[in-house]
Every structure is written in C-alpha cells, then in structure tokens.
Amino acid sequence: MIPRRPEHAWSAISTFSLAACCWCTSACVQANPAFLADGSLSDTEESGEGESEGADASGAEGESGSGEQGSGSETTEASETTEAIETSATADTGEMICGDGQLDPGETCDDGNAENDDGCMTNCLVPESCAEILAVDAEAASGAYLVDPQGSGEPWEVHCAMDFKGGGWTGFLVQDTCNGHLSSTVEAIWEATSGIDDACRPYAEYAEGGSLGYVWDIEFPPGFSAFFLSDYEVKAIATPELSYIQLLWSVPAIFPNGALSFGDAHAEGPVANWAANGGALETFGEDEIKPYPAQETVFELSEPSDTLRIAWGEYGQMHEGLYPWWSGRIYLR
Ligand SMILES: [Ca+2]
Ligand SMILES: [Ca+2]
C-alpha cells in the first residue's frame with residue numbers, strides 16, 4: 001500500500017510540535033521527528049535472511065549471560081562459575097573478562113554469547129556499523145544485524161551487505177531517519193510547500209510554478225567514505241524534470257530543470273546525481289514512482305564524512321515536486 005501525499009503541507013505532521021516553524025524563514029532547519037514511536041518499521045522492511053534473534057545489548061547492564069557458548073543448560077551454574085572467575089580475576093589482576101556476562105571496564109556490552117548479530121559482538125563492544133561487525137567476524141554473512149550508530153544504547157536492525165564489494169555496508173531505510181534511529185534534518189534553500197508524510201518521507205512541491213530547493217542531512221556518526229543505493233525509488237509530485245546536473249549544494253536547480261543528488265553534507269556538492277547517473281532522459285508522469293538510475297553503484301566521497309546529504313530542487317512554471325526517497329535502502333561504509 002502506498003500512503004497518499006497529504007493535501008496540505010503540514011497536515012501529516014500536525015501532531016509534532018516542531019511542525020510549523022519552517023514557514024517562517026528560508027533558512028530554518030526542521031528536525032525529522034520520531035514517527036513510529038514503537039520503533040517499528042514500515043511494510044517496506046525486508047525480512048531478509050539471517051534474521052536477528054531479537055536479543056539486544058541489554059546484557060551490558062550486567063545481566064548474566066545466556067550460556068549459549070557452553071552446554072547451555074545449567075545457566076545458573078554457569079553464571080555462578082563465571083561470577084566466581086570474575087570476582088577472582090578482578091581481585092587478583094583487575095583484568096576484564098569478555099564473555100562472562102558482566103560489564104567490565106573497556107566493554108560496552110557483554111552478553112556472554114558467540115553471536116554478532118544481536119547488538120553485542122564477541123569482543124564485548126556494541127557495533128556502530130556493519131563494518132565493525134565484519135572486522136570482528138570476517139565470515140559474517142549478509143543479513144539482519146543490530147547496530148547502534150549513534151550510541152543510543154538501543155541497537156536497532158539494519159541490513160548488512162557482507163558479500164558486496166568488500167562487505168561491511170550498513171543499509172538503512174527511510175523510516176530510520178525519523179523513528180529515533182538516525183538523526184536527520186530537512187532544510188530549505190529555496191522554500192516551497194513541504195512536509196513529511198505518514199511513512200516518514202520528506203517532500204517538497206510548488207503547485208503553480210516557482211523554485212524549490214531542499215537538503216536533507218542524515219547523520220551517521222561512525223563515519224563513511226562511500227555509499228550505494230539498493231531498490232531505491234523516488235516519487236514525483238506532478239511532473240518534475242530532473243535533468244539538471246547539480247554541482248553545488250547551494251544551487252539545487254536551474255530553470256527549467258530540477259535535480260536530485262546525494263553526497264557528503266560537508267562537501268561543496270554531490271557525488272551522485274539523477275541526471276548524471278543516467279536519468280536525464282527519464283520523464284516522470286503524474287505521481288509516478290521510478291527507481292534511481294544507478295542502483296548498486298558505489299559512490300566514493302573525496303574524504304570520510306559523518307553526514308549523508310540528499311538534495312532535491314526544481315525551478316519551473318509547472319506544478320512540480322518530489323519525494324526524494326520513497327523506498328529502498330541506502331548503504332554506507
Ligand atoms: Ca565482561
Ligand atoms: Ca552477542
């Protein structure tokens with residue numbers, strides 16, 4: 001099911017207190033708010049192989065381990081044993097023991113098991129990215145993993161692409177930008193009617209001609225130096241022309257063409273662009289959804305960054321606009 005675009009810019013986000021601020025100035029920044037308060041993802045979520053076991057890193061709070069590493073049956077006994085070892089080790093040497101289910105200095109978690117997909121790795125660190133998981137387990141398979149990129153203390157599920165071009169790619173969904181998983185902001189360079197729909201997707205449009213330009217910055221604190229898009233789709237509002245090859249973030253469109261671009265928010269301009277990547281001749285019909293023209297194509301940044309930027313703009317006389325990320329995943333590494 002495809003949620004409909006709301007009729008009025010802010011109707012879909014009227015429940016958010018910060019909603020109305022962006023009418024005031026062209027430079028105001030709108031936080032992309034928590035949307036699915038229960039942390040659930042939309043129906044676009046892939047089930048994926050390698051389903052995570054649902055365990056989290058709460059073992060970090062000092063619970064005893066699950067005992068999966070050993071015979072697994074005498075949990076209490078195993079716990080008592082490791083506790084004794086721990087006490088002894090601490091008393092004797094102060095050395096940390098990873099895998100004893102106790103949070104020791106130098107550990108950010110210790111769940112006492114041998115799994116790396118549950119938000120606590122076997123080195124007793126909570127992974128911030130799929131690259132960290134691959135570094136711990138070179139044999140890790142592609143699939144669902146729990147990670148905590150922002151150090152929130154609540155690891156959440158991403159898809160790790162472990163067998164694509166070196167592996168270690170962290171793949172997240174548009175919904176992760178407003179359910180508390182990843183911080184993001186939407187900023188108007190050229191302001192138009194805009195908002196965020198009920199599935200967490202920002203959009204901007206003008207109904208009777210004019211210009212619009214927006215940047216959407218998504219923070220990824222572990223840092224990344226390359227990205228690719230997978231099953232990534234864009235939805236038109238009316239009939240935008242994305243034939244402009246954007247070079248600078250500060251110039252989102254040139255009459256009569258618009259643009260859709262991706263890159264490092266700290267750089268001067270994008271490294272991926274709809275028109276430059278083969279979409280120049282693609283035309284959108286009314287409310288049409290199209291795949292980004294370069295899927296599974298790795299785009300390299302000139303230097304590592306911690307913030308991905310998605311930019312879109314339009315400049316023309318017709319009713320035009322865009323949802324720059326309708327569905328699919330973005331993978332960072
Ligand atoms: Ca420990
Ligand atoms: Ca684990």
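# Pairs, burial and a core

Student: What makes strand E6 (residues 193–196) and E7 a pair?

Tutor: In this predicted model, E6 and E7 are joined by 4 bridges and run antiparallel. Pairing takes at least two bridges, so these strands qualify. For specific partners, Gly-195 sits opposite Tyr-203 in E7, while Ser-194 has Ala-204 as its bridge partner.

Student: How many residues lie between E6 and E7 in their hairpin?

Tutor: There are 5 residues between them. Cys-200 is in that turn, with a positive phi of about 80°.

Student: How do you know that E7 pairs with strand E13 (residues 320–332) as well?

Tutor: Run the check again: 3 bridges join E7 to E13, in the antiparallel sense. The threshold is at least two, so E7 and E13 pair. Tyr-206 provides one example, with Glu-320 in E13 as its bridge partner.

Student: What makes strand E7 (residues 202–206) mostly covered?

Tutor: In E7, 5 of its 5 residues are buried. Both faces are covered, with Pro-202, Ala-204 and Tyr-206 on one side, and Tyr-203 and Glu-205 on the other. Buried takes 20 or more other C-beta atoms within 10 Å, so each of those five residues must reach that count.

Student: Why is Ala-144 called partly exposed?

Tutor: Ala-144 has 19 other C-beta atoms within 10 Å. Buried starts at 20 and exposed means 12 or fewer, so 19 falls in between and Ala-144 is partly exposed. Its place is in strand E2 (residues 143–147). The C-alpha atoms of Ala-144 and Glu-157 are separated by 6.3 Å, with the two residues 13 apart along the chain.

Student: And what about Glu-154: why does that residue count as partly exposed?

Tutor: Glu-154 has 16 C-beta neighbours inside 10 Å. That count is over 12 and under 20, so the label is partly exposed. Glu-154 is in the loop between E2 and strand E3 (156–161). Its C-alpha atom is 8.7 Å from that of His-181, a residue 27 places away along the chain.

Student: How do you know that strand E8 (residues 210–238) is paired with strand E12 (residues 299–316)?

Tutor: E8 and E12 are joined by 13 bridges and run antiparallel. At least two are needed, so they pair. Trp-216 stands opposite Ile-310 in E12. Strand E9 (residues 259–264) pairs with E12 too, antiparallel over 6 bridges, and Asp-264 has Leu-308 as its bridge partner there.

Student: Which residues in the largest nonpolar core touch the most other members?

Tutor: The core has 71 residues, and the most connected members are Cys-130, Cys-160, Tyr-214, Ala-259, Leu-322 and Leu-332. E8 supplies the largest share of this core, 14 residues. As background, nonpolar side chains in soluble globular proteins tend to be buried together.

Student: What makes Tyr-214 buried, given its place among the 71 residues of that core?

Tutor: Core members have to be buried, so Tyr-214 must have 20 or more other C-beta atoms within 10 Å. Leaving out residues up to four places away in sequence, Tyr-214 touches several others, including Val-186, Ile-189, Ser-194, Ala-204 and Trp-312.

Student: How many residues are in the protein chain, and what percentage is buried?

Tutor: Of the 333 residues, 43% are buried. The secondary structure comes to 3 helices and 13 strands. Among contacts between residues at least 6 apart in sequence, 66% link residues at least 24 apart.

Key:
Residues numbered from 1 in each chain as written. Chains lettered and ligands numbered in written order. Predicted model: local features only at pLDDT ≥ 70, side-chain atom pairs only at ≥ 80, totals over all residues. Contact = placed C-beta atoms within 7 Å. Core = buried A, V, L, I, M, F, W, Y, C linked by C-beta atoms within 7 Å.
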